[in-house]
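Welcome, and thanks for taking a look at this one with us. Please open the structure below and keep it in view while you read.

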Amino acid sequence: MSTGRRALVCLPTYDERENLAPVVAAIHAAAPEVDVLVVDDDSPDGTGRVADELAARDPRVKVLHRAAKEGLGRAYLAGFAWALERGYGLVLEMDADFSHDPAYLPTLLAAAEDADLVLGSRYVPGGGTSNWGLGRRLVSRGGSAYARAILGVQVRDLTGGFKCFRREVLEAVDLASVECSGYAFQIELTFRALRRGFRVVEVPIVFADRRVGQSKMSRRIVLEAMRKVWSMRFSRFARAARPARAR
């Protein structure tokens, strides 16, 4: 990474004890220079204790303990605030379950050389999914297409959660007013970045099913996201922000 910017990977966890140590090791194998912030929502399976043990052995591992499970978006917002307070110039988000392959981290970091927000995208040439059934593929592609049409943006993968933000984006998008905390959180953050006029690029990734444990996705979460897209479209933020630009 040649930007000279310190980079932090935000890694929200809830019951990820079996995945945590292997994914942190894989992150540092791919990008030794990055720090990792484990944001644990008081996991009953002891994930927080595993995170503390990792942090005690490696100064690149940090831990933020939260008192309760409040949704993925709230965990990310807490991690973003932690990162901004400590001066990180690049802030990444990714899943702790190996759905996002840490091997792509160098690609995201390199793309951040001349982009404000880099999205790991399943739906650009070279991207894709692995071990997904037809129903899940249709829901994911349909969700992105639906959000793209309602919000009037060109980003192909609006629902993905493998991203690299420059700190300037997080400072400008008014994190305190972000409404969504579940699946729609990813759509909202990218939409806000676009509306602020930041340069957003997509790089191809292959998204795989989690290795251990159960997916936290549900039909209710997807339906909630579909409703939230309309509130984003007509939000005060959308009306006040500058027109989007993306590549």
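Here is a short tour of one helix, one threonine and the aromatic residues.

Please keep in mind that this is a predicted model. A good place to start is helix α7, which is mostly covered, with twelve of its twelve residues buried. From there we can move to threonine 47 in helix α2, and then to the four aromatic pairs that the structure holds.

**Helix α7**

- Helix α7 covers residues 184-195, and at 1.5 Å a residue its twelve residues should span 16 Å.
- The end C-alpha atoms of α7 are 16 Å apart, so the model agrees with that expected span.
- The buried residues of α7 include charged ones, among them Glu188, Arg192 and Arg195, as well as Phe185, Ile187, Leu189 and Phe191.
- After α7 comes glycine 197, which has a positive phi, near 85 degrees.

**Threonine 47**

- Threonine 47 belongs to helix α2, which runs over residues 47-57.
- With a relative accessible area of 0%, threonine 47 falls under the 20% cut-off, so it counts as buried.
- The threonine 47 side chain reaches the backbone nitrogen of arginine 17, at 3.0 Å.
- Beyond its neighbours within four places in sequence, threonine 47 is in contact with Thr13, Asp15, Glu16, Arg17, Leu20 and Asp40.

**Aromatic pairs and a cluster**

- There are four aromatic pairs in the structure.
- In one of them, tyrosine 76 and phenylalanine 80 have ring centres 5.9 Å apart and planes at 20 degrees; stacked means under 30 degrees, so this pair is stacked.
- Tyrosine 76 and phenylalanine 80 sit four residues apart in helix α3 (residues 72-85), which is about one turn of the helix.
- Tyrosine 76 and phenylalanine 80 are both buried.
- Tryptophan 82 and tyrosine 88 also make a stacked pair, with 6.2 Å from centre to centre and 25 degrees between the planes.
- Tryptophan 82 and tyrosine 88 are buried as well.
- One aromatic cluster is formed by Tyr76, Phe80, Phe165 and Phe185; Phe185 is also among the buried residues of α7.

**Charges over rings**

- Which residue lies over the face of tyrosine 88? It is arginine 6, at 4.0 Å from the ring centre, and tyrosine 88 also has tryptophan 82 as its stacked partner.
- Over the ring of tyrosine 14 you will find the charged end of lysine 69, 4.3 Å from the ring's centre.

Methods. Residues are numbered from 1 along each chain as its sequence is written. This is a predicted model: local features need pLDDT of at least 70, side-chain atom pairs count only at pLDDT 80 or more; totals for chains, interfaces and linings use all residues. Side-chain values use heavy atoms; hydrogens and water are left out. Helices (H or I, at least four residues) and strands (E, at least two) are DSSP runs, numbered from the N terminus. The expected span of a helix is 1.5 Å times one less than its number of residues. Buried means under 20% relative accessible area, exposed over 50%, partly exposed in between (1.4 Å probe, protein chains only). A polar contact is a pair of N or O atoms within 3.5 Å; within protein, one must be able to donate a hydrogen and the other to accept it, and residues adjacent in sequence count only if both atoms are side-chain atoms. Contact means heavy atoms within 4.5 Å. Rings of Phe, Tyr and Trp (its six-membered ring) pair if their centres lie within 6.5 Å; planes under 30 degrees apart count as stacked, over 60 as edge-to-face and the rest as tilted. A charge sits over a ring if NZ of Lys or CZ of Arg is within 6 Å of the ring centre and within 35 degrees of the ring normal.
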